[in-house]
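I am opening a fresh page for a walk through this structure, beginning with its enclosed spaces and ending with a hairpin.

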Amino acid sequence: MKAFTFFSLVLSVATGIVSAQSLQSVKDMIIANAKADNIDLTVLPCFDQAIADIQQIYANAPGQKRDFSRRQATTATAANIVDVHAHVGPAWYKALFPTIGGQAVPDWKLNDTFNFMATQGIQHSVLAFSVPGPNVWPGDQKKTIALARLMNEQAAAYGKVYPGVFNFYGQVPLPYTQDAITEAKYATQKLGAVGIWLQSNTEGKYLGDLTFKPFFQAVNSWSGRQLLYIHPSIPLLRVNGQLIDSNPTPYVTGKIEFYFETARTVMDLTLTQTIHNFTNINYLIPHVGGGFPAAIDRILKSYPTIYDSSLQIYCTRFWWDSAGPTYFHQVAGLLGYGIPKSQLLYGTDYPYAPLAVQPASFTAVKNRPDFTADEKTAIFRGNAVKLFDGKIKFN
Ligand SMILES: *[C@@H]1O[C@H](CO)[C@@H](O)[C@H](O)[C@H]1NC(C)=O
Ligand SMILES: *[C@@H]1O[C@H](CO)[C@@H](O)[C@H](O)[C@H]1NC(C)=O
């Protein structure tokens, strides 16, 4: 294998010359790095398409004109929003799991995100693949760990090619705890992920599950504050060895059930005292906590010894993104517990939440009478800049 470094790739992207040879090297490097962690990517039926897609990101890079002049002046900020909740869903991934939570996965191309950011005044997006993460083949350990790796290589590629525009949250192959530790390390320490994306449950296990504790222990032991992003997922139950979608209502999971999922898993992390014991971990919770804030008192007053300490953690090591129409009233649930406004971030959920629904959510933040202009500006940007502490760059 020809010696090839990330540095030479960056150089070739910067100079606009990405040769067939460097694209072959991208593939070789991904395979070699996976092998070093005992991961066999070729077990994946989507391997060829995914690699081709990743190579495209590098190949297209020089031709992609980023036109920031089109960022609109309709925003509360100087068109410099940081979107902490944005998704990618390349065609090869959609093919594996075409509907999620009762809704079709959107058809998406990177150019859609560029156009979206330009019209919404977004300067930087932190990207993540969405549900079900790498858990496309429940019970298949080899495929799950291979898929997590491939997803991370792709998400990282966006950030490498457009470092001022994108960063990403890394995927991990839970419920395989040791493999998840390996992958979290690779994603954050080798690929530069700014956080780790977790689902409310993986294959029916919520995040306080005892078998996951070594994962929290390991992440907690790494230097620097670590960030876990807790995304809602489909509620799954294991019945007679089979995983079944346990949404008990006729309503679309992504519209309703997700918010109970968020509440369930944050409560699990709290009642197991995972959040208390591993103090080097920060948490980012989408949709201003979903159904969680409404239930805190009723649940936690039954556990008086951890009531105060839990609230303290929600106010200091938890951040809360706005994704969706959450600022009409819902955000008041968090504020009612004294969550400082400095813990609030802006997120769009694009493209899973399509362009059409964005203006109302954005305007709801802008129109809140109980936030000062400075506090709103901080939600759109400053609070995220502070949280990521130099890890995200700007053009
Ligand atoms: C990206 O979108 C812009 C704006 O719609 C369009 O002009 C351009 O041709 C698109 N580029 C690609 C590669 O699709
Ligand atoms: C956290 O520590 C408490 C004791 O202080 C213990 O009871 C609990 O099991 C621990 N939880 C985890 C997830 O480590």
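Entry 1, cavities. Before searching, I fixed the term: a cavity is a set of grid points where a 1.4 Å probe fits but cannot get out. I also noted that I am working with a predicted model. Searching the whole structure on that basis, I found two cavities of 30 Å³ or more. For the largest cavity I read a space of about 60 Å³, and I listed its lining as Pro134, Asn135, Gln171, Val172, Leu174, Trp197, Leu198, Gln199, Thr202 and Leu207. Which strand gives the most to this lining? I found that strand S6, residues 195-199, does so with three residues.

Entry 2, the largest pocket. I then turned to the open spaces and noted a volume of about 640 Å³ for the largest pocket. Its lining comprises 31 residues, and those that lie nearest the centre are Gly254, Tyr259, Asp349, Tyr352 and Ala353. Strand S3 (103-104), helix H9 and helix H14 (358-367) each supply at least two residues of the lining, and the largest share, three residues, comes from H14.

Entry 3, helix H9. Since H9 had appeared in the pocket lining, I looked at this helix by itself. H9 runs over residues 257-271, 15 residues in all, and reaches 21 Å from its first C-alpha to its last, close to the 21 Å expected at 1.5 Å a residue. I marked as buried Glu257, Phe258, Glu261, Thr262, Ala263, Thr265, Val266, Met267, Leu269 and Thr270. Just after the helix, Gln273 takes a positive phi of about 65°.

Entry 4, nonpolar cores. Which residues touch the most other members of the largest nonpolar core? Of its 99 residues, I found these to be Leu198, Phe215, Phe216, Tyr283 and Tyr314. Helix H6 (residues 141-161) gives the most to this core, with 10 residues. A second, separate core has 21 residues, among them Val105, Trp197, Leu227 and Ala384. I followed Tyr314 further and, leaving aside residues up to four places away in sequence, listed its contacts as Val266, Met267, Thr270, Ile275, Phe292, Ile296, Leu300, Trp320 and Ile339. Of these, Val266, Met267 and Thr270 are among the buried residues I had marked in H9.

Entry 5, a hairpin. Last, I checked strand S10 (residues 236-239) against strand S11 (residues 242-245), and they pair in the antiparallel sense over four bridges. Leu237 stands opposite Ile244 in S11. Two residues lie between the strands of this hairpin, where Asn240 takes a positive phi near 50°.

Conventions. Residues are numbered from 1 along each chain as its sequence is written. Chains are lettered from A and ligands numbered from 1 in the order in which they are written. This is a predicted model: local features need pLDDT of at least 70, side-chain atom pairs count only at pLDDT 80 or more; totals for chains, interfaces and linings use all residues. Side-chain values use heavy atoms; hydrogens and water are left out. Two strands pair if DSSP finds at least two bridges between them. The expected span of a helix is 1.5 Å times one less than its number of residues. Buried means under 20% relative accessible area, exposed over 50%, partly exposed in between (1.4 Å probe, protein chains only). A nonpolar core is a set of buried Ala, Val, Leu, Ile, Met, Phe, Trp, Tyr and Cys residues joined through side-chain atoms within 4.5 Å. Contact means heavy atoms within 4.5 Å. On a 1 Å grid over the protein atoms alone, a cavity is a set of points where a 1.4 Å probe fits but cannot get out, and a pocket is an open set with protein on both sides within 12 Å along at least five of seven lines; lining residues have an atom within 4 Å of a point. Grid points are joined across faces, edges and corners, and a volume is the space filled by probe spheres set on the points.
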